[in-house]
Amino acid sequence: MLRMSTLFLRTLRDDPADAEVPSHRLLVRAGYIRRIAAGIYSWLPLGVITLRNIENIVRQEMDRAGFQEVHFPALLPKDAYEETGRWKDYGPDLFRLQDRKGSDYLLGPTHEEMFTLMVKGEYSSYKDLPLALYQIQTKYRDEARPRSGIIRGREFVMKDSYSFDLTDEGLVESYQRHREAYIKTFDRLRMKYNIVSAMSGAMGGSASEEFLAPCETGEDTYVLCPKCGYAANVEAMTTVVAPGDASKVAPLEVFDSPNTPTIDSLVELINAKFGGGYDGSMTLKNVMLMADEKPISVLVPGDREVDLKRLQANLAGVNDVRIFEDADFAKFPGLVKGYIGPQDAKKNGITVYADPRIAPGTSWVTGANAKDKHARNVVNGRDFTVDAYIESAQIKEGDACPKCATPVIIDRAIEIGHIFQLGRKYADALGLTVLDQNGKSQVVTMGSYGIGVSRAVAAIAEQSNDELGLSWPVEVAPAKVHIVATGKEDTVFAAAETLATDLEAAGISVMLDDRRGTSPGVKFKDAELIGIPVIVVVGKALEQGNVEVRVRRTGEKSEVPVAQALTAITELLPTLP
RNA sequence: CGGGGCGUAGCGUAGUGGCUAGCGCGCCUGCUUUGGGAGCAGGAGAUCGGGAGUUCGAAUCUCCCCGCCCCGACCA
């Protein structure tokens, strides 16, 4: 039983000056967490209990799915990370340190290497697979910009699991099992979330999905189809465009277009010149980029920017993409800044990538590769060729769903889980092999799965709060019932104490506000701020033999006789989220 | 890392060259009060982020450093 009279807790009346997002503000005000440094927080008793509750739900669902819990140190020697190249590749995001002998260590940002080596150390036969292991561990990443309190910290708690299979089909099955376990976990946490297609990015591998909890303060953007439910991270969104029919398009025509530095000014000019009917989406923008210091041109419709994030996510094997600078233009005199068209790309030795919107057979207005000149009726396949199609144009609200063509909506969310099929990258690098049926050595294929446990505390807080404070789901809350004793009569405190004891005996966790001399208003405010789902007021109504039962989330109140309070609460709890 | 903002008691803040750094919340003592952040009286609590400098005099001006927040870049 938690007693307010002795609980290590001090709630704050004012919002802390350094907190903006609701979860951060409220978790600090209600006394769950305190900041130690940027992105590093300590947990007070209420916070620890809440975090443990979430951990335990995650643990139970992992165990139920048949995954086995292990535990690695957070402090790790660099060896394994050196072998996979991540000691270098991880860059400044890795917390590095040395021991007294000068040997290099790191604080684990993620544990692929360690799990791979652990399995390598114990298993060597296909008969031992499939296998799935997990841990709940504190991770360390020296983020360039920690933000939003506990949503993006430099120290955070993560559940990470890894599956090990002999075959690709086995991996798909293990992936599905994790996916289902995640659905159960997040459902139990009462979170609103969408499962969206994601890019596997630098990790390699194929299928990858993110569990995103929609929320205004989230830092991930994703698209959602309101009709068919298609959901994808913006980087992973695909565009379906039918090829154009160019057979009736007039021949390419170059025309004068002085003073048209922007798409808007160009559209204005061509509408005046050719009798209207043109808009920005009919012009073709040629964006010059350096991809690992090789010149590429990316074609997107004039009314859209190139989304560098999307481009890079879809450009396999390229590490660095940057916009052309003046010095780069100087090296390619054939490119006339502001009047570039794809017609001469071959001549200039430039690789042409195009967004799928620039479909074969479509006709465009674009630069004519000469100062103050543009061209119209420039047809893909007739007047220029594209080396490769790549998703690269910015996504807009209302773009067509790739599955059913319904206009999609764009929303923000917090990433609370990520599952993906890693493949053999780590097993290869670290030599994790098993013998197959034929006695031949085979490299194991892996999946990698994560849940941000401490981040889930914030995500749930973001999704369940109001102007009064927090409002936890029953299973997550630091206690299920918050009993407030008001007044100064001993009988009130005695009755509250009895009810608290009875509830605890029935397995219902209780927070009892047994503070003497604290005014009722303070107790109510605190209870609402802390956010325990059921608030029971023992006070005035006791003269009639009643207590008041309130539902924190809805504000519903009812009076029940003291003797029936236990039953009433027992029946009420399962009906709450 | 680029841009912007901020740093005064546990929390929120006032104070832009001049007396003992002010106020609210919280905290301690006493009395009163007890269904919506009570009242009165008394009290404790501050290296004004740090260092150097200018000045008769610095929270206040100058320089350097540190830290924090927000936007962006980045983010297995």
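**Largest cavity.** I listed the lining of the largest cavity in this predicted model: S471, W472, V474, G531, P533, V551, R552, R553, L576 and P577. I sorted these lining residues by class and got six nonpolar, two polar and two charged. The space inside the largest cavity comes to about 70 Å³.

**Second largest cavity.** I then checked how many cavities of 30 Å³ or more the structure holds, and the count is two. The second largest has a volume of about 40 Å³. I noted its lining as N286, M288, S297, L335, I340, G341, P342, A345, N348, I350 and N369. Strand β15 (284–291) and helix α10 (345–348) each supply at least two of these lining residues. By class, I have six nonpolar and five polar residues here, with no charged residues.

**Helices α1 and α12.** How do the axes of α1 and α12 cross? I find that helix α1 (residues 22–29) and helix α12 (residues 453–463) cross at roughly 100 degrees, with axes that come within 8 Å. Angles of 65 to 115 degrees count as roughly perpendicular, so I entered α1 and α12 as roughly perpendicular to each other. On the α1 side, the contact is made by P22, S23 and L27, and on the α12 side by V457, A458, A461 and E462. I classed the residues of this contact as five nonpolar, one polar and one charged.

**Domains.** I looked up the division of chain A last. Domain 1 covers 16–237 + 410–462, domain 2 covers 253–389 and domain 3 covers 479–575. Taken over C-alpha atoms, the centres of domain 1 and domain 3 are 39 Å apart.

Notes: Residues are numbered from 1 along each chain as its sequence is written. Chains are lettered from A and ligands numbered from 1 in the order in which they are written. This is a predicted model: local features need pLDDT of at least 70, side-chain atom pairs count only at pLDDT 80 or more; totals for chains, interfaces and linings use all residues. Side-chain values use heavy atoms; hydrogens and water are left out. Domain bounds come from an automatic or database domain assignment. Axes are lines fitted to C-alpha atoms, for helices over the stretch in contact, and angles run from 0 to 180 degrees between N-to-C directions. Helices (H or I, at least four residues) and strands (E, at least two) are DSSP runs, numbered from the N terminus. Angles under 35 degrees count as roughly parallel, over 145 as roughly antiparallel, 65 to 115 as roughly perpendicular and the rest as oblique. Contact means heavy atoms within 4.5 Å. Ala, Val, Leu, Ile, Met, Phe, Trp, Tyr, Cys and Pro count as nonpolar, Asp, Glu, Lys and Arg as charged, and the others, Gly among them, as polar. On a 1 Å grid over the protein atoms alone, a cavity is a set of points where a 1.4 Å probe fits but cannot get out, and a pocket is an open set with protein on both sides within 12 Å along at least five of seven lines; lining residues have an atom within 4 Å of a point. Grid points are joined across faces, edges and corners, and a volume is the space filled by probe spheres set on the points.
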